[in-house]
Amino acid sequence: MPLRQRFETLLLYDPNHSPATANVWIAHPSPSEEQALGKLVVVSSLENTDRINLDVINLIQEELRGGYYRAVDAKPEHAFEQALNQTNRRLHRVITDGVADWVERANILVAAVWRETLVISSVGTIHAFLLRRSLKQGGAVYQMHDLIGSETSAPNPVRLFSHTISGRLQVEDQLLICTSSLLDYFSVEKLRRTLLEGNPSTAVHQWEATLLGVEQRASFAAVVVQALAAESQFVASPSRPVAQATLTQSAPQVSMEHLIAKEQATERLLSPSIWPAFRDLIIQLSQGVSRLVRRLVLRKPPRRIVPTGVARAAWPAAGGAASWSRLTRIIGRGANQLWAVWRALRSRRTSLPAGPPPVTIAPILRRQRRFSLNALVNWFQRLNRPRQWLLAASVILLFILALSMIQKTKPTGTARLTVNVSDNLADHLSKARAALLYGGEAAAQEHLTAAQALADRLPNRRAKDKAARQSTLAAINELVTQLAHRTVLPNPTVVAQLATVTPLNQPQQLYLAGSRLVAIDPDQSIVTAVTLGKNIPAAVIPNALDTGRPTTGTVTGTATLTFATDRRGFVELDVGKETWKPLDSAWPTAGPRVQSLASYQGRLYALDTAASDLVRFSRSVNTLGTGISWLKEKIELGSARALAVDGSLYVLMPNGVVNAFANGRPAVFALNAIDPPLTDATRLWTDVNSKNIYLVDPSRKRIVVFTKTGKLIDQYESAAWEELRDVAVSEKTKTAYVLSGTTISSFPLLH
């Protein structure tokens, strides 16, 4: 018989006191999705309160929901396994990126419930009990069955959710999923009896009332699923009060109704309004005038106020009809009190001290053309003493009212606006951090742009406001730097100072051959070698052969370099033996201009900017033979700057553009845009064993690293690279060597 389910949840989690991050999540699919695959349930507890725990929990919930309800297979068991595999892959990427501290502390259970089908997968220590009715000789007995057991194994970072448990529910079954902390306060038998004594709502209410009565040093999360017959009418249980401990802003998943209600309440709280201040001042003014007149004019003792225990009704929202109605009533009561005072003064005129005959202000007002300040002063002096006191007190109170209105309304509105901007800005920064953590750079950029716009609206007058603004801008700049993948190197390690070898040396290119770095100065024909790992000074490798001046080169072996010369030939340098050897060759065109060389599997590739061509030479013992044009279509390469090869050929063009070629034709390849953009890259490095492409950007003193799909990996910057010229990389040792002026320095690769 098809079943339907009834869910009740328990969540007590206070991030300020609880030692673990707990959460309960029940998916809210569309009616068609629920009809086809039912509902997903996740109960989680991570054994500390790090902010990253909430991000991990939210990631698991989102991946499960997306994988489950978008599965190709319509069977719940298969869709659940597909969702688990998707979630495992996503979590594995997060773990390999270094976010792995939460794995050993994870206690998570995920379940899919569809009609009578139940599928469960868990990691860590978490419990699932099935309360089922069974028939025995003594009659019907309800037993609690432990579906998971108490034995747990260490989580596997490669496949976190590694197993599933599936089964069938029956009518009147109750499934209890809970964290182990619940069993510290209730035995399994106590939980069973509570579920049997009433419905799940009553049971959860009793557990909650008991747990709220103890000191909150733990977090509790539980879900009760009751299986009901499909035709039975579901009667909603009376709403029960929600514990304050469960309504924390740190919970990654709450109901939509709660979010909407909280948002509306926040807007009402933060919306600037003068009505509460106006109300309080009118009430204080009315009470003050009443007490003053009662004591000084009517000569009566102060009125005793007896508390009634009934709270005053809240002031209605600003701008509504109720606001005007209440304001009218307050003003009316004040006018009635003033009228009563006036009548009392009139009735007691004979008992007041004798004085000049009373003069009213009405005649003065009727003679507006003759009205003057002296007339008003004379009119005030002709009043008797009590009336003068009353008028002076009224004027003072009106002045206080006006001053208080100015002081209360304007700063309050500004403060509330500042709070609203600050909250929105903090929300954007939090979302940007989460997006960067999980690789969502596009979303992070959107939130950072919004945060920067809000930062311009922050106050910047008082010292406190300036400090808060600077702190916020520093947080934004930190995220901008992280999004731009910028790594600042204050002091790269100096490997060698080539100026000490010969003062005329001005090296332009750097090569790594085995354990030696080789720098060449094409203008002076000076080749300098530095031995790594040994305290041996740099030395010049002289060339006694008449081979011409080397212009550019490439690494062709473990300890060999091949250079093109200004005589349209090639020469080979054995770095270990420090010997030179000429290589025979012939160019397919006259007057080549070799801009760059690259080597791959015994073949030498030359970038000939004069012919706008890529020329390939095949190496034999002492010759390179005759070069042939490798390109199969005409490409403009006259302004190209550098060449690298790993099977495909990469050519660096002006403005930081890198073109890729495969089988003699252009390939689809482009570097992602970066900030700041590449405008003057001069050198390019990669090889067949490297996963990345390295560009030298002297104008911004940086080495920029991209993957071979064009994604930005990192930007290494250093103020010490005043004359940045070339880079050589050893990804095996995670080290890059930089030639800047006559200095060779190194830094560790962080990617």
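Here are three short exercises, with worked solutions, on a predicted model.

**Exercise 1. Which strands stand at the edges of the open sheet S21-S22-S23-S25?**

Step 1: Start with the order; the four strands run S21-S22-S23-S25, and their pairing is antiparallel.
Step 2: Look for strands with a single partner; these are S21 (594–600) and S25 (628–629), so each has one side left without a neighbour in the sheet.
Step 3: Now visit one pairing up close. S21 meets S22 (residues 603–608) in the antiparallel sense over six bridges, and Tyr 600 stands opposite Arg 603 in S22.

**Exercise 2. Find what span helix H3 (residues 76–96) should have, and compare it with the model.**

Step 1: Take 1.5 Å a residue; the 21 residues of H3 should then span 30 Å.
Step 2: Check the ends: the end C-alpha atoms of H3 are 30 Å apart, which agrees.
Step 3: Turn to its surroundings. Buried residues of H3 include Phe 80, Leu 84, Leu 91 and Ile 95, and among the elements covering the buried residues are helix H2 (51–69) and strand S4 (106–114).
Step 4: Just past the helix, Gly 98 has a positive phi of about 105 degrees.

**Exercise 3. What does the salt bridge between Glu 33 and Arg 65 tie together?**

Step 1: Check the distance; N to O is 3.7 Å, and the cut-off is 4 Å.
Step 2: Place the partners. Glu 33 lies in helix H1 and Arg 65 in helix H2, so the pair ties together parts that are 32 residues apart in sequence.
Step 3: Add exposure: Glu 33 is partly exposed at 23% relative accessibility, and Arg 65 is partly exposed at 25%.

Key: Residues numbered from 1 in each chain as written. Predicted model: local features only at pLDDT ≥ 70, side-chain atom pairs only at ≥ 80, totals over all residues. Heavy atoms only, no water. Pairing = 2+ DSSP bridges. Helix = DSSP H or I, 4+ residues; strand = E, 2+ residues; numbered from the N terminus. Expected span 1.5 Å × (residues − 1). Buried < 20%, exposed > 50% of the residue type's maximum accessible area, 1.4 Å probe, protein only. Contact = heavy atoms within 4.5 Å. Salt bridge = Lys/Arg side-chain N within 4 Å of Asp/Glu carboxyl O.
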